[in-house]
Amino acid sequence: MTQENKSFIGESGADDWESTDVSRRTFLSTASLVGIGAAAATVPTSLSVSGALIPSALAQGAPASGGAAQSSGSQPLDYPGKEKGLVVLGERPLVAETPEHLLDDETTPISKFFIRNNGQIPEAAADPDAWKLTVDGEVNNRLELTLAELKSRFQPRTYRMVLECGGNGRSFFQPQARGNQWTNGGAGCAEWTGIPLAEVLQAAGLKDTAKYTAHYGADPHLSGDTTKEALSRGMPIAKAMEPHSLIVYAMNGEPLPNIHGGPLRLVIPGWPGSLSHKWLTRITIRDREHDGQGMTGTSYRVPNKPMVPGGKADEKDFRILESMPVRSIITAPANGTKLPAGTREVALRGAAWAGDLTVSRVDVSTDAGQTWTQATLAPTRNRYDWNRWTATVGLQSDGYYEIWTRATDSNGRMQPPVTHDWNPQGYGGNAMHRVAVLVG
Ligand SMILES: Nc1nc2c(c(=O)[nH]1)N[C@H]1C(S)=C(S)[C@@H](COP(=O)(O)O)O[C@H]1N2
Ligand SMILES: [Mo]
């Protein structure tokens, strides 16, 4: 070989996005170690990009940090009806995640459910039943239905389903990927009541040309510019016609709260949360892929071939992110839990889900993956529900332990130990979740 093998390491193509400066990241909030009460002196202030597996006590946020929380640090949420334990990832627009240990309920209560906005939060509707939804575009009969009419014309269904932000897990990418720095808390599993979107589209009569949906809502653009949408995403008709794709008006048996898109939203399970349009006013059926806010460039898109981390994106070679990857979390004990001296067994609880697929198994390890113990999965109630899981692990002695969880989906794909497949906006990060405990 005469060709010189040049190194690509150290080349930075990443001039088109915010920051590759890993040292700027906050890997530790003092509060996150209060439970362990140690280590402040050994905290790394910067970290090499290759140092992907730093101790979970330092790397991960719960109970209090947002992982790589940006300017806001790990600020607790102060919002009516919401637990203070939620962590604010952004104030304008308001974005807050649920630390893993607050996802310990079978069904995520509204008070603990994460919040993700792209624009402003609209005023709560004075008369929810008068809320109007328009269905137009490639349909035979344009529909204009009030919420009251929707409820009386169609038969409601209730399913417990995971809603997960497309960027969940983003904070674990190195170098930092652009966007809200979610740990694993951009997800929750609630009971959603609504009308199957398929039945409403059937009533409208899809033309042969119907290919794709386009979603519009009442939330103003962050800038206040009325010619811009805060968000407008869409999906192929086949996904829209799935029986679990719902037009939702109730959450956990209560009228859908304003902050979660009430009176009316979509819930499109398994795919990025951005398809689950809040404050839904219009669905336009299109004869081609939608090109609204959040559909183009690298938004909700991943590269067709693996990128050099931090490298420059070739946007032409990206595809739309569809099913979310398999993920499991440990919901008890919380990261940083101190256990009494002599503790030799720890009962673990968690949850696992897998986008469009199902979870085939969950395993846990206390020795960085040298040995694994299979967890017991509770059954799901319906498709797109999460599996709650339990496991008991033994500990040899007092001391510091990291507990890891990994789930495997029904295609045999397992969560990786490190976040891989770097992309500019940090989608698909589903590395194993780890919590640190200290015995004695
Ligand atoms: N109208 C509207 N719908 C929206 C959004 C938005 O900004 N505006 N954000 C989307 C995103 S990115 C996510 S992850 C979910 C979050 O829903 P939640 O705030 O109820 O948890 O709503 C989606 N629906
Ligand atoms: Mo999202």
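In this predicted model, a backbone N or O atom of S276 lies 3.0 Å from a nitrogen atom of ligand 1, and the protein covers 100% of the 530 Å² of accessible area that the ligand has on its own. The space that ligand 1 takes is the largest cavity. Around ligand 1 there are 19 residues, of which N118, D219, H260, R265 and K278 are the closest. Two of these residues, H260 and R265, place a side-chain N or O atom at a short listed distance from an oxygen atom of the ligand, as set out below together with the backbone contact of S276.

| Residue | Part of residue | Atom of ligand 1 | Distance |
|---|---|---|---|
| H260 | side chain, N or O | oxygen | 2.7 Å |
| R265 | side chain, N or O | oxygen | 2.7 Å |
| S276 | backbone, N or O | nitrogen | 3.0 Å |

Helix α3 spans residues 197-204, and within this helix L197, A198, V200, L201 and A204 are buried. Viewed down the axis of α3, these buried residues fall within an arc of 165°, so they line one face of the helix. In general, an α-helix has 3.6 residues a turn, so residues three or four places apart point the same way. Just after α3, the chain continues with G205, which takes a positive phi of about 75°.

A further site is P93, which is placed in the loop between strands β2 (87-91) and β3 (94-97). P93 counts as buried because its relative accessibility is 18%, where the cut-off for buried is under 20%. The C-alpha atom of P93 is separated by 10.0 Å from that of I115, a residue 22 residues apart from P93 along the chain.

Note on methods. Residues are numbered from 1 along each chain as its sequence is written. Chains are lettered from A and ligands numbered from 1 in the order in which they are written. This is a predicted model: local features need pLDDT of at least 70, side-chain atom pairs count only at pLDDT 80 or more; totals for chains, interfaces and linings use all residues. Side-chain values use heavy atoms; hydrogens and water are left out. Buried means under 20% relative accessible area, exposed over 50%, partly exposed in between (1.4 Å probe, protein chains only). Helices (H or I, at least four residues) and strands (E, at least two) are DSSP runs, numbered from the N terminus. The arc is that of the directions from the helix axis to the C-beta atoms. A residue is near a molecule or strand if one of its heavy atoms lies within 4 Å of it. A polar contact is a pair of N or O atoms within 3.5 Å; within protein, one must be able to donate a hydrogen and the other to accept it, and residues adjacent in sequence count only if both atoms are side-chain atoms. Accessible areas come from the Shrake-Rupley method with a 1.4 Å probe; for residues, only the protein chains shown count as cover. On a 1 Å grid over the protein atoms alone, a cavity is a set of points where a 1.4 Å probe fits but cannot get out, and a pocket is an open set with protein on both sides within 12 Å along at least five of seven lines; lining residues have an atom within 4 Å of a point. A molecule sits in a cavity or pocket if more than half of its atoms lie within 2 Å of its grid points.
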